[in-house]
Amino acid sequence: MKKWLKWIFVNFSLKKRRKLSNQEFQVLVDNIRYTYWQFCFNRIGHKEIEGRVYKNEIDGDKNFKLIWDMILVSFLNSYLLGLAKIFDRKSYGDKNTLSIFHFIKKSKFNKDDRATIRKVKQARNEIIAHLEATKVMEGKNRLEHFGLDGQAKDIESLFTNTFNLVNNIEENFSYKHKIDPVKEKAYIQKEFDKWFKIFKEMYT
């Protein structure tokens, strides 16, 4: 009897999920894009200010190193948490987790990407538990502490491959929005430049 109840529950869940598949796909795409924006903001921010602020080329009241630390670490934490959430598995009936594995088989991701996913999830667990705080306060590279590439090349690769896989299944859904990492990055660069303009003027 229990097996029959489970069969009914699973099939009911599948039918319900099929009705929401287009909506869920849109949420997934938007979540991936937003997480990538945070990733881009973090990387662009490092590129713009670390050479001048972190190397103490700007002194006195114009050196906001502590503030920049908090801003960039916050964006790093946000994109790691968001990325881990995207790659969490979704159980039938669980409305709180929208996983990419609902749409794409895990085997579609290559060995390197699967290793990066594991490290990102471990990073998420440490961030939530604050286990990495001491290492960060000691000046250790936050990504390297998590076993990730210090320049985020592995995460960039994971994003790129994820975009390609998601774009490949877009034709199965009514929501049409191909993710172009070049355009997405250019958009965030433009938004960052507008926001950062006042600081650039201060640093020149």
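Reader: Are Tyr36 and Phe39 buried or exposed?
Author: In this predicted model, Tyr36 and Phe39 both lie in helix α1, which spans residues 2–54, and they sit 3 residues apart, about one turn of the helix. The term that applies to a residue with under 20% relative accessible area holds for both Tyr36 and Phe39, which are buried.

Reader: How many aromatic pairs does a search of the whole structure find, and which kind of pair do Tyr36 and Phe39 form?
Author: The search of the whole structure finds 21 aromatic pairs. Tyr36 and Phe39 form one with 5.9 Å centre to centre and 25 degrees between the planes. Since planes under 30 degrees apart count as stacked, the pair of Tyr36 and Phe39 is stacked.

Reader: Why is the pair of Phe41 and Phe75 stacked, and which parts does the pair tie together?
Author: The ring centres of Phe41 and Phe75 are 4.1 Å apart and their planes stand at 20 degrees, so this pair is stacked. Phe41 belongs to helix α1, whereas Phe75 belongs to helix α2 (residues 65–86), so the pair ties together parts that are 34 residues apart in sequence, namely α1 and α2.

Reader: Which burial class applies to Phe41, and which to Phe75?
Author: Phe41 has a relative accessible area of 13%, and because buried means under 20%, Phe41 is buried. For Phe75 the relative accessibility is 25%, and Phe75 therefore counts as partly exposed.

Reader: Which residues form one aromatic cluster with Phe41 and Phe75?
Author: Phe41 and Phe75, the stacked pair just described, both belong to one aromatic cluster. The other members of that cluster are Trp68, Phe192, Trp195 and Phe196.

Reader: Why is α2 oblique to α3, and what is the handedness of their crossing?
Author: The axes of α2 and helix α3 (residues 111–129) come within 9 Å and cross at roughly 125 degrees. That angle makes α2 oblique to α3, because angles of 65 to 115 degrees count as roughly perpendicular and those over 145 as roughly antiparallel. As for handedness, the crossing of α2 and α3 is left-handed.

Reader: Which residues of α2 and α3 meet, and how does the contact divide by class?
Author: On the α2 side the contact is made by Asn77, Leu80, Leu81, Leu83, Ala84 and Lys85, and these meet Val120, Lys121, Ala123, Arg124, Ile127 and Ile128 of α3. Sorted by class, the contact of α2 with α3 has 8 nonpolar, 1 polar and 3 charged residues.

Reader: How is α3 placed relative to α6?
Author: Helix α6 covers residues 153–169, and the axes of α3 and α6 come within 10 Å and cross at roughly 115 degrees. In passing α6, α3 makes a left-handed crossing. The crossing angle makes α3, relative to α6, roughly perpendicular.

Reader: Which residues make the contact of α3 with α6, and how do they divide by class?
Author: From α3 the contributors are Asp113, Thr116 and Ile117, and from α6 they are Asp154, Ile155, Ser157, Leu158 and Asn161. The residues of the contact of α3 with α6 divide into 3 nonpolar, 3 polar and 2 charged.

Reader: Where does Ile179 lie, and which residues does Ile179 touch?
Author: Ile179 lies in the loop between α6 and α7 (181–203), and with a relative accessible area of 3% Ile179 is buried. The C-alpha atoms of Ile179 and Ile32 are separated by 9.0 Å, although the two residues are 147 apart along the chain. Leaving aside residues up to four places away in sequence, Ile179 touches Val29, Ile32, Arg33, Phe163, Val166, Asn167 and Glu184.

Reader: How far apart in space are Ala186 and Cys40?
Author: Ala186 is placed in helix α7, and its relative accessible area of 45% makes Ala186 partly exposed. In sequence Ala186 and Cys40 are 146 residues apart, while in space, C-alpha to C-alpha, they are separated by 9.3 Å.

Reader: What is the phi of Ala152?
Author: Ala152 is found in the loop between α5 (142–145) and α6, and Ala152 is buried, with a relative accessible area of 0%. Although Ala152 is not a glycine, its phi is positive, at about 65 degrees.

Conventions. Residues are numbered from 1 along each chain as its sequence is written. This is a predicted model: local features need pLDDT of at least 70, side-chain atom pairs count only at pLDDT 80 or more; totals for chains, interfaces and linings use all residues. Side-chain values use heavy atoms; hydrogens and water are left out. Rings of Phe, Tyr and Trp (its six-membered ring) pair if their centres lie within 6.5 Å; planes under 30 degrees apart count as stacked, over 60 as edge-to-face and the rest as tilted. Helices (H or I, at least four residues) and strands (E, at least two) are DSSP runs, numbered from the N terminus. Buried means under 20% relative accessible area, exposed over 50%, partly exposed in between (1.4 Å probe, protein chains only). Axes are lines fitted to C-alpha atoms, for helices over the stretch in contact, and angles run from 0 to 180 degrees between N-to-C directions. Angles under 35 degrees count as roughly parallel, over 145 as roughly antiparallel, 65 to 115 as roughly perpendicular and the rest as oblique. A crossing is left-handed if the near helix is turned anticlockwise from the far one by less than a right angle, and right-handed if clockwise. Contact means heavy atoms within 4.5 Å. Ala, Val, Leu, Ile, Met, Phe, Trp, Tyr, Cys and Pro count as nonpolar, Asp, Glu, Lys and Arg as charged, and the others, Gly among them, as polar.
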